[in-house]
Amino acid sequence: NALKLIAIPLVIGSLIKGVADLKDISSLSAIGFRAIGMFLFTSVIAITIGLVIVNVVRPGFLISETTRQELVSAYSEQASGKIAMAEKQKAAGPLQPLVDLVPDNFFKLATENSNMLQVIVFALFFGVALVMVPKEKAQPVKDFFDGFNEVVLKMVDIIMLFAPYGVFALLAALVVESPSIDLFKALIGYALCVLLGIAILLFVFYPLLVRFIAGMNLKQFFSGMAPTQMIAFSSSSSAAALPVNLERTVEKLGVDEEVASFVLPVGATVNMDGTSLYQAVAAVFIAQAFGMDLSLQTQLGIILTATLASIGAAPVPGAGMVMLVIVLAQAGIPEAGLALILAIDRPLDMCRTVANVTSDATVATIVAKWLGKLKTPHPHTAG
């Protein structure tokens, strides 16, 4: 709760500070277009990897009829709640997400049901306006947000002192509440597909980008990212890991603060590679469990829908599950099949969040390299 408490103040403070630190609007567009292009590229690759794996392994056929009925009956109530939330989103119409980008009330941003995209749009709007105001008028406001950002980061440091105890408690509860071993065995094929896809992202795809585009030493990258990945794993929240990701990306990876302060908060909301991959695998797995054979056209539709759904997913635990309902509906897959995967969703959520935050840092590093804003030299290693 403490980490979630500071998520919105952190995004507002870091984004406004990041945009206000830019010398002009052209700097914002130079960073923004490159970052969004890379976000879309990595998301499409992640979804494609997931689809290839799940079509080769075909884990849905490992689930027996008996096991499926047990899962559906055990988790149908939870599934119906997620479906109802997704139905509400779909009923609003295809252009509603565009309308929802802009908040109609500033104070709603701090409410329990706040939309993180709205927070980002407000912060960007505010920051851009701050850059356009004469310097002498803008300086007091900029100084305030510089100080505000420092205070929030100090709050993060205090919270992190207690984080190990919270992580222990969360993991202990997760193990105790897990369903029987028999159900885990029935879903092991699905889980391995998701984990294999995430492993390919973490240990093949991102390292290739970091090494050959950013020119960074991989040992430096992984040692710099380790604390961020641990927080992401334990909290299942990109927003909770954002403060640590900002600190490590700037201090250990050498990314200029101007780039990191823009790319990482935006990436925490719109760049969800692990979530995208999971949605693709889960959709095909559920279809296989119901005996459906998805056409190539349908699976291409999954790529598009999962990419867009991941953009709209909140950076908090379980949000990808709600967006998955939209992916299932687009592909004509029974939405009740969501109950099949709820039993092991939390452990997989923890793993896919690690991919999400690693992707954010990878993109920040690449954008900084392209703009000549990697502050520290990164030695090339042989081979």
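**Exercises: helix α10 and two positive phi angles**

**Exercise 1.** Is R58 buried, partly exposed or exposed in this predicted model?

*Solution.* Start with the number: R58 has 37% relative accessibility. Now recall the cut-offs: buried is under 20%, exposed is over 50%, and partly exposed lies in between. R58 therefore counts as partly exposed. Next, place the residue. R58 sits in the loop between α3 (25-57) and α4 (65-91). Its phi is near 55 degrees, a positive value in a residue other than glycine.

**Exercise 2.** Where does S236 lie, and is S236 buried or exposed?

*Solution.* Locate S236 in the loop between α10 and α11 (238-251). Check the backbone: phi of S236 is near 55 degrees, a positive value in a residue other than glycine. Then check accessibility. S236 has 2% relative accessibility, so S236 counts as buried.

**Exercise 3.** What span does helix α10 reach, and what span is expected?

*Solution.* Count first: α10 covers residues 218-235, which is 18 residues. At 1.5 Å a residue, 26 Å is expected. From first C-alpha to last, α10 reaches 25 Å, close to that value.

**Exercise 4.** Where does α10 bend, and by about how many degrees?

*Solution.* Go to A226. The bend there is about 45 degrees. Now read on along the chain: a proline, P227, follows within four residues.

**Exercise 5.** Which residue caps the N-terminal end of α10?

*Solution.* Look at N217. One of its side-chain oxygens lies 2.8 Å from the backbone nitrogen of K219. N217 is the cap. Finally, follow the helix inward: its buried residues include Q220, F221, G224 and M225.

Technical notes. Residues numbered from 1 in each chain as written. Predicted model: local features only at pLDDT ≥ 70, side-chain atom pairs only at ≥ 80, totals over all residues. Heavy atoms only, no water. Helix = DSSP H or I, 4+ residues; strand = E, 2+ residues; numbered from the N terminus. Expected span 1.5 Å × (residues − 1). Bend = angle between axes of the 7 residues up to and from the residue. Buried < 20%, exposed > 50% of the residue type's maximum accessible area, 1.4 Å probe, protein only. Polar contact = N/O pair within 3.5 Å; in protein donor to acceptor, adjacent residues only side chain to side chain.
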